[in-house]
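Reader: Hello! I'm new to this structure and would love a close look at just one part of it, with enough around it to help me find my way. Could you walk me through it slowly?

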Amino acid sequence: MKMVNLFIIALIGLSLSTQAEISPLNIDQSQKKTKDKYIKSAHDVIKHKSSQEEVRFAILSAALTSKSVKWILEDDGDNFLVLRWDHSEAVIYTKVEFDEQYIQLKYLDAYDDYQCKNNVDGICYKNESRKYYGHMKDLRSAIINTLSH
Amino acid sequence: MKYYKTLLLSIFVFFSSNAFATERSWFDEPIKINKTYVTDAEAVILESLKQRGWEVKEKSATMVTAWLNDYKGYELVLEIKHDNAQISFKQLSYKKVGCESKSSSRCKASTKYSNKWRLYLRKNIAMNIHKRAMDHLLKNEKIRRTWLEELKTGNIEFKTKLARNLIDIEYFNEYALAEIVEQINANYQRNKLSSDEVQQYAFFCKVLARSKQEKHTELLTQVSQKAKSRKLRNYVKGYLTEMAES
């Protein structure tokens, strides 16, 4: 029985540490949510044909192109970067995941006005502030723009 | 009963694995570092302290005691620890300059200011790490070539925007600066620079000036004296003055 318990724990640990493959955004209409266009503007996948290193550079470069508040690197790993947006005591943490095909922005955490009220696997269906989707849209557009050059 | 225990343990595993589940504040969360490109965490901290006008009070192999000395009438001391995984912050003291008694209302120091100053320093450190990550990726020849190609072949609007962005984020990468020097050298004495081109080369010169690298002073001086455009000459004279004063 002990072995079964250990197996269950190991399985949970493994599922937390491994990252799910990125797949095109499929908005679950049964969720409590904001308008689809907002969710898409923030979390829709970005298709790319670049190498992992090129994608990483494009994300880092795009994160600093915004005229006002920049998204600054907070953490990174094999297939992701965590960026932090900081403005007047409000903070948004976004995990930018990428694989050979797609890039996707995922909600990780926030302080103050930008808490996600319905977070499903990093897709923020409903945020305290609609401005959240605007800031995410800017970052997503900047990444698309940088990759297109 | 055993399954109940397993469930409890699983919940514990979940929360302990979630780094963001712990109590923290917006201005002093530890910054994760990646040893691949942050080879010297202390250097990043010292660079950031200098940029934000902080002094170093004490220093050891894993810690820097930072001191914001008499800033707007306040004194703030932070302990900044660094190891292979992160840079963390702890406030040691915060008081009004010349005040020893905390009980006096005159000596009460509002945390509104200290939180902000700590955030700015934290942001600066994170930004310097961000730039190091970019520098590291630019060692890849293909990435570097693509990036510099934009600076070479982009239109005037794009080049101006890029130069303004480099100034804004204070990113003075050696490859970008070399390309900018090349383009200024090739064009500043041209007879008919359009007003947009003047703007572009002015911003290129501003990038060099803001980098505060002595090796660019000679070129900037030449532009300020020999450029055909009076407007460009005047812009660059201003940058040189700014550079000398900083």
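Author: Happy to! One term will help from the start: two strands count as paired if DSSP finds at least two bridges between them. Please also keep in mind that this is a predicted model.

Let's warm up in chain A. In β4(A), the bridge partner of A:W85 is A:I92. That pair belongs to a longer seam: eight bridges connect strand β3 (residues 80-87) of chain A with strand β4 (residues 90-98), and the two strands run antiparallel. Both strands sit in an open sheet of five strands, ordered β1-β5-β4-β3-β2 in chain A, with antiparallel pairing. At its edges are β1 (46-47) and β2 (71-77) of chain A, each paired on one side only. Chain A as a whole has four helices and seven strands, and read from the N terminus they follow the order α-α-β-α-β-β-β-β-β-β-α.

Now for the part I'd like to look at closely: the sheet of chain B and the helix that packs against its strands. In chain B, five strands make an open sheet in the order β1-β5-β4-β3-β2, and here the pairing is antiparallel. The edges are formed by β1 (31-32) and β2 (55-59) of chain B, which each pair on one side only.

Start at the β2 edge and step inwards. β2(B) is joined to β3(B) by four bridges, with the two strands antiparallel. Across this seam, B:V56 faces B:A66 in β3(B). The chain gets from β2(B) to β3(B) by a hairpin of three residues.

The next step takes us from strand β3 (residues 63-71) to strand β4 (residues 74-82) of chain B, an antiparallel pair held together by seven bridges. You can follow it with your eye at two places: B:W67 stands opposite B:V77 in β4(B), and B:V64 stands opposite B:I80 in β4(B). These strands form a hairpin too, with two residues between them, and B:K72 in the turn has a positive phi of about 50°. A general point may help as you look along any of these strands: in a regular strand, side chains alternate between the two faces of the sheet.

Next comes the helix. Helix α2 (residues 41-51) of chain B has the buried residues B:A41, B:V44, B:I45, B:S48 and B:L49. Looking down the axis of α2(B), these buried residues fall within an arc of 130°, so they line one face of the helix. The general background is simple: an α-helix has 3.6 residues a turn, so residues three or four places apart point the same way. On the face turned away from the buried side, α2(B) carries the exposed residues B:A43 and B:K50.

What do the buried residues of α2(B) pack against? Their partners are β2, β3, β4, β5 (86-96) and α3 of chain B. Just past the end of α2(B), B:G53 takes a positive phi of about 80°.

Let's step back to the nonpolar cores. The largest one has 64 residues, and A:I59, A:A63, A:L83 and B:I129 are those with the most contacts inside it. Its largest share, eight residues, comes from helix α3 (residues 111-137) of chain B, the same α3 that is among the packing partners of α2(B). A second, separate core has 22 residues, including B:A163, B:I180, B:I184 and B:Y235. As for A:A63, its contacts beyond four places in sequence are A:K70, A:W71, A:I72, A:L83 and A:L139.

Finally, where does our close-up sit in chain B? That chain is divided into domain 1 (21-137) and domain 2 (141-245), and the sheet's edge strands β1 (31-32) and β2 (55-59) fall within the range of domain 1. The C-alpha centres of the two domains of chain B lie 33 Å apart. So that you can compare burial, chain A has 149 residues, and buried ones make up 40% of them.

Definitions and conventions
Residues are numbered from 1 along each chain as its sequence is written. Chains are lettered from A and ligands numbered from 1 in the order in which they are written. This is a predicted model: local features need pLDDT of at least 70, side-chain atom pairs count only at pLDDT 80 or more; totals for chains, interfaces and linings use all residues. A nonpolar core is a set of buried Ala, Val, Leu, Ile, Met, Phe, Trp, Tyr and Cys residues joined through C-beta atoms within 7 Å. A residue is buried if 20 or more other C-beta atoms lie within 10 Å of its own, exposed if 12 or fewer, and partly exposed in between; C-beta atoms are placed from the backbone. Two residues are in contact if their C-beta atoms, placed from the backbone, lie within 7 Å. The arc is that of the directions from the helix axis to the C-beta atoms. Domain bounds come from an automatic or database domain assignment.
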